[in-house]
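User: I would like to learn how to read the packing of helices and strands in a protein model. Could you take me through one?

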2 protein chains.
Amino acid sequence: MPRSRERAQVSLENLHRIFTVPESPDSTLGRIDQAISDNLAGFLQEHIVALERDLAEIEDDFSQSRIPEEPTFVSAYTDFLKEKVVSQSVHTASPGFIGHMTSALPYFMLPLSRILTALNQNLVKVETSRAFTPMERQVLGMLHRLIYGGDDAFYAQWMQDSRHALGAFCSGGTIANITALWAARNRLCGPAGSFRGIAQEGMFKALQHLDCKGLAVLVSRRGHYSLGKAADVLGIGRENLIAVDTDDDNRVDMKSLRRHCARLNAEGIRPLSLVGIAGTTETGNIDPLDELADLAQELGCHYHVDAAWGGATLLSGTYRSLLKGIERADSVTVDAHKQLYVPMGAGMVLFKDPTALAAIEHHAAYILREGSRDLGSHTLEGSRPGMAMLVHAGLSIIGRKGYEMLIDHGIERACRFARQIEAHPDFELITEPELNIFTYRYNPAWVQAQLAAAPAEQAARINEILDKVTETMQKRQRETGRTFVSRTRLAPGRYRGSRITVFRVVMANPLTTDALLASVLEEQCEMAERDENRVLLEQIEALCGRREFKTA
Amino acid sequence: MPRSRERAQVSLENLHRIFTVPESPDSTLGRIDQAISDNLAGFLQEHIVALERDLAEIEDDFSQSRIPEEPTFVSAYTDFLKEKVVSQSVHTASPGFIGHMTSALPYFMLPLSRILTALNQNLVKVETSRAFTPMERQVLGMLHRLIYGGDDAFYAQWMQDSRHALGAFCSGGTIANITALWAARNRLCGPAGSFRGIAQEGMFKALQHLDCKGLAVLVSRRGHYSLGKAADVLGIGRENLIAVDTDDDNRVDMKSLRRHCARLNAEGIRPLSLVGIAGTTETGNIDPLDELADLAQELGCHYHVDAAWGGATLLSGTYRSLLKGIERADSVTVDAHKQLYVPMGAGMVLFKDPTALAAIEHHAAYILREGSRDLGSHTLEGSRPGMAMLVHAGLSIIGRKGYEMLIDHGIERACRFARQIEAHPDFELITEPELNIFTYRYNPAWVQAQLAAAPAEQAARINEILDKVTETMQKRQRETGRTFVSRTRLAPGRYRGSRITVFRVVMANPLTTDALLASVLEEQCEMAERDENRVLLEQIEALCGRREFKTA
């Protein structure tokens with residue numbers, strides 16, 4: 001906690017000042033603010049690349065559990081922030097940060113987000129949001145049209161219709177997925193005869209009413225973990241989230257899916273929803289969305305597409321056909337804080353049927369009154385900020401063509417990087433980029449040759465050691481802080497379905513250059529030479545009975 | 001949508017610029033940004049008080065459903081934003097905006113929130129948040145200590161323990177309440193014997209395992225509507241959210257509560273949780289938290305306290321005793337974007353037992369790995385921004401004593417305003433302020449006298465007309481845009497429990513003066529003179545058989 005020699009005083013005047021007097025440009029905070037305005041990239045480069053400091057050590061700076069009694073000067077606090085927080089945060093906007101889905105932001109997002117904070121609107125009700133309400137409706141309408149392609153008349157009728165909502169704006173894809181399945185569950189178990197619906201009577205009576213033993217959600221093994229949370233929260237149970245096998249390209253295996261459906265049917269469990277994925281989190285692949293639509297239609301169940309990552313691909317004339325069939329989904333999740341380049345905290349779920357959200361509608365006496373324009377009557381969250389403004393800004397300023405260029409270049413950059421890896425003797429490409437995400441690992445040519453020839457047990461042992469190499473290298477690279485890739489575990493067909501640890505890269509930052517990507521590989525090669533990894537590679541050598549140690 | 005004569009061009013260079021070149025201080029956006037820096041209050045006053053413009057008309061500005069093909073210059077977009085959005089948003093920071101829980105923000109929140117946006121951390125995992133992770137843990141620890149008052153050893157052990165979390169940071173009170181009841185549900189229906197727990201097997205099998213017909217959540221009629229959403233989402237059913245009667249002070253009636261418990265028991269429905277309220281949304285009252293704790297203990301059920309509004313009162317030495325008993329709750333919701341004066345999008349739920357959140361723990365292969373420090377394994381949301389930084393800043397800069405002053409002054413201001421209303425011949429105080437929220441209505445002394453003497457049917461008729469007066473006046477005041485109060489419906493004991501429409505005020509803005517409050521009443525008196533209200537008051541007159549029309 002920051003301390004200053006001069007003591008900040010608690011007084012009405014000082015409190016009043018806090019709410020009315022802006023930070024002087026000469027104050028520490030004013031200077032930082034100015035530095036960010038002037039040169040964000042420079043500021044981040046100089047100050048934000050995390051130093052090689054252990055997290056346990058960082059935790060010491062945040063060990064005080066008492067709320068400070070006395071106030072602190074803003075300048076003293078800002079010094080603390082700069083030294084202990086900003087310098088120890090992750091430079092997510094760095095072109096070398098290619099491990100997760102958080103990327104650089106367009107510059108205009110900074111002053112615009114300050115306007116957003118200054119206005120501090122609350123979108124739950126029109127009384128605290130006014131123009132923000134129709135603006136959010138428009139953003140939902142634009143995304144709806146991007147996915148479903150309704151005509152002008154459709155949007156003229158529904159987009160600003162206060163009794164309905166084309167979707168729900170929310171803090172992110174997880175809430176979006178939960179909202180989609182919540183609405184699907186409530187529609188399937190809606191009021192009928194003397195049954196007043198699951199919203200009123202709960203899951204137990206709903207299943208009695210439907211005369212079945214459970215509801216199931218089916219998605220490929222590559223499904224996002226938020227679907228597990230949804231199954232848990234909604235009372236469906238994680239065991240009823242069926243993880244369906246995939247083909248070698250990480251797309252749901254339709255035959256396996258049909259077998260599961262038949263089994264569930266025999267067990268008296270009703271399919272609530274099929275979930276297709278447009279851009280799997282780990283490998284960026286797209287399920288056969290049209291085939292899934294056919295099956296959902298056949299089963300008469302809800303069809304949700306999780307396009308949190310890949311949805312923005314619809315903005316590209318070149319690649320939008322990869323998502324063919326998405327327009328047949330009953331609901332679609334899209335994250336704006338991913339490939340729409342909006343700051344963290346902006347997700348959406350869109351519903352094909354403009355009346356679908358009626359299944360989760362709710363009202364209260366002081367807001368969300370029936371017939372009000374309040375958006376809060378159709379969202380899981382209550383009070384929420386006007387983040388839709390930043391999506392509106394992105395769509396307007398960058399335009400469809402601008403996004404198209406960003407999407408196209410990301411995919412093409414990913415393809416070039418994949419070829420670079422394939423051509424490199426020390427690396428193995430694990431999954432091909434279909435969008436802009438793929439996986440690979442450090443695996444020198446001689447080990448690859450051994451693996452190809454080794455009997456199953458030996459191959460498994462080699463893979464175990466390579467897993468350690470991958471994990472060690474990923475952690476070391478993260479700590480060094482120049483570049484960053486993430487890691488995950490996959491079960492590629494070529495290793496007979498056994499799970500291996502791999503590097504995962506996400507090519508979303510438009511500032512990432514091919515040269516920088518080459519340096520990522522160089523850094524990893526250097527790491528392979530470190531003792532910790534040499535020891536591991538020597539173990540493989542010993543296992544294979546090779547005499548000389550050789551890294552490439 | 002904004003248009004500019006010169007056309008913005010789609011090119012790689014322009015896109016690159018968007019991500020790397022800051023807005024020039026001379027650009028429109030640069031100037032607005034500067035104007036906000038220089039004088040937020042002035043900027044808001046000049047530009048943000050909503051003009052008397054119909055919402056339907058505003059909607060016309062947001063009627064285009066196609067995503068613009070071509071890019072737009074930032075300056076052109078900013079002009080659009082200024083004219084169509086900023087000028088038509090709600091001036092929530094205005095001292096005259098006393099109708100909802102959104103208030104003024106301390107100035108330092110603006111530059112700090114820009115730093116937050118620039119850093120764009122993602123708190124779901126430490127790889128995208130680093131120092132933000134221990135900082136958020138510290139904020140949760142500080143709030144935990146404020147509520148539960150553990151000792152240093154407790155927080156040294158638990159606060160930074162990566163396997164657990166003292167609470168969950170989230171976008172707001174609704175998600176906090178859902179998280180609390182989710183954890184409670186999963187603990188009650190945890191794994192036992194061959195039952196693998198509700199998280200795995202779902203609600204249907206959980207109830208079979210518990211051998212009961214349903215789970216119930218009990219809360220007073222003043223409970224927040226998010227609890228209804230929670231009951232719906234969690235598969236409990238809204239009918240099993242039992243709305244218990246209150247006493248004349250809007251506190252849960254313990255006798256009635258016990259009767260409900262007995263009835264549920266007879267029906268084979270198990271109480272999942274009692275919910276106490278510390279600061280009801282509509283009237284700001286506090287349930288008897290200690291008595292509720294006794295009953296929850298007796299029943300062996302979860303005890304949650306929704307202190308979204310009132311939790312900050314614990315920072316006041318003067319008033320914290322009002323919340324006595326909150327320290328016995330199993331979980332507590334507190335919103336930082338309410339009385340901690342943080343921008344929209346910051347809520348928390350704290351759990352007494354540091355292992356309680358294990359009931360909703362989840363993992364994935366690429367993040368949230370077991371043993372990782374990732375906060376995302378204990379939250380309903382996935383990716384989320386580092387809003388905890390702003391709470392940390394508020395607690396550090398304002399300090400406990402500063403918040404105490406804000407809280408105390410708010411409550412005292414509410415009391416003074418209530419006395420002012422009571423003394424005014426044209427108004428009727430409906431609920432007394434216990435914290436800083438209360439309700440009243442326009443009801444001239446002569447009507448009050450008639451009401452007191454009138455038979456039930458006539459009184460009901462008079463109240464119906466007064467409801468129209470209140471609604472008309474509230475809408476008119478909102479449209480005029482000088483000051484703003486909200487409205488709700490309550491059933492005060494003095495009117496034999498029939499529901500009436502009332503004005504609701506929230507005294508949270510430290511810049512609201514007594515003089516301004518007097519002007520709110522003056523404005524309302526002027527409105528009473530308008531034809532629309534005169535007609536209504538004459539109806540009352542006719543009903544009561546009075547000859548002359550008189551407003552005071």
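Analyst: The turns below go through domains, sheets, helix pairs and the contact between chains.

Analyst: This is a predicted model, in which local features need pLDDT of at least 70 and side-chain atom pairs count only at pLDDT 80 or more, while totals for chains, interfaces and linings use all residues. Residues are numbered from 1 along each chain as its sequence is written, and chains are lettered from A and ligands numbered from 1 in the order in which they are written.

User: Which domains does the assignment give for chain A?

Analyst: Domain bounds come from an automatic or database domain assignment. For chain A that assignment gives domain 1 (121-386) and domain 2 (417-544). Their C-alpha centres lie 35 Å apart. Where they touch, domain 1 of chain A supplies 11 residues and domain 2 of chain A supplies 13 residues; two residues are in contact if their C-beta atoms, placed from the backbone, lie within 7 Å. The domain 1 side of this contact divides into one nonpolar, eight polar and two charged residues. In this scheme Ala, Val, Leu, Ile, Met, Phe, Trp, Tyr, Cys and Pro are nonpolar, Asp, Glu, Lys and Arg are charged, and the others, Gly among them, are polar.

User: How do I read a sheet, and in what order do the seven strands lie?

Analyst: Strands of a sheet pair through backbone hydrogen bonds, either parallel or antiparallel. Helices (H or I, at least four residues) and strands (E, at least two) are DSSP runs, numbered from the N terminus, and two strands pair if DSSP finds at least two bridges between them. In chain A, seven strands form an open sheet with mixed pairing, in the order β1-β7-β6-β5-β4-β2-β3. β1 (167-170) and β3 (241-244) of chain A each have a single partner strand, so one side of each is left without a neighbour in the sheet. The average turn between neighbouring strands is 20°, direction ignored. Axes are lines fitted to C-alpha atoms, for helices over the stretch in contact, and angles run from 0 to 180 degrees between N-to-C directions.

User: What joins β1(A) to β7(A), and which helix packs on this sheet?

Analyst: β1(A) and β7(A) (residues 347-351) run antiparallel and are joined by four bridges. One residue pair to find is A:Cys170 and its bridge partner in β7(A), A:Gly347. Helix α7 (residues 132-148) of chain A packs on the sheet, where it touches β1, β6 (331-335) and β7 of chain A, and its direction makes about 60° with that of β7(A).

User: How are the four strands of the other open sheet ordered?

Analyst: Their order in chain A is β8-β9-β11-β10, with antiparallel pairing. At the edges are β8 (427-431) and β10 (486-490) of chain A, each paired on one side only. Here neighbouring strands are turned by 45° against each other on average, direction ignored. Inside the sheet, four bridges join β9 (residues 437-442) of chain A to β11 (residues 500-506) of chain A, and A:Phe438 stands opposite A:Val505 in β11(A). Helix α15(A) lies across β8 and β9 of chain A, at about 135° to β8(A).

User: How is a helix pair described, and at what angle do α6(A) and α15(A) cross?

Analyst: Two packed helices are described by the angle between their axes and the distance between the axes. The axes of α6 (residues 109-119) and α15 (residues 388-423) of chain A come within 10 Å and cross at roughly 150°. These two helices are therefore roughly antiparallel to each other; angles under 35 degrees count as roughly parallel, over 145 as roughly antiparallel, 65 to 115 as roughly perpendicular and the rest as oblique. The contact joins A:Met109, A:Leu112, A:Ser113 and A:Leu116 of α6(A) to A:Met389, A:Leu390 and A:Ala393 of α15(A). By class, it has six nonpolar, one polar and no charged residues.

User: What part does α15(A) play in the side of chain A that touches chain B?

Analyst: The contact takes 147 residues from chain A and 147 residues from chain B. On the chain A side, the largest share, 12 residues, comes from α15(A). The axes of α15(A) and α5 (residues 74-85) of chain B come within 10 Å and cross at roughly 140°, which makes α15(A) oblique to α5(B). In this pair A:Met389, A:Ala393, A:Ser396 and A:Ile397 meet B:Val74, B:Tyr77 and B:Val85.
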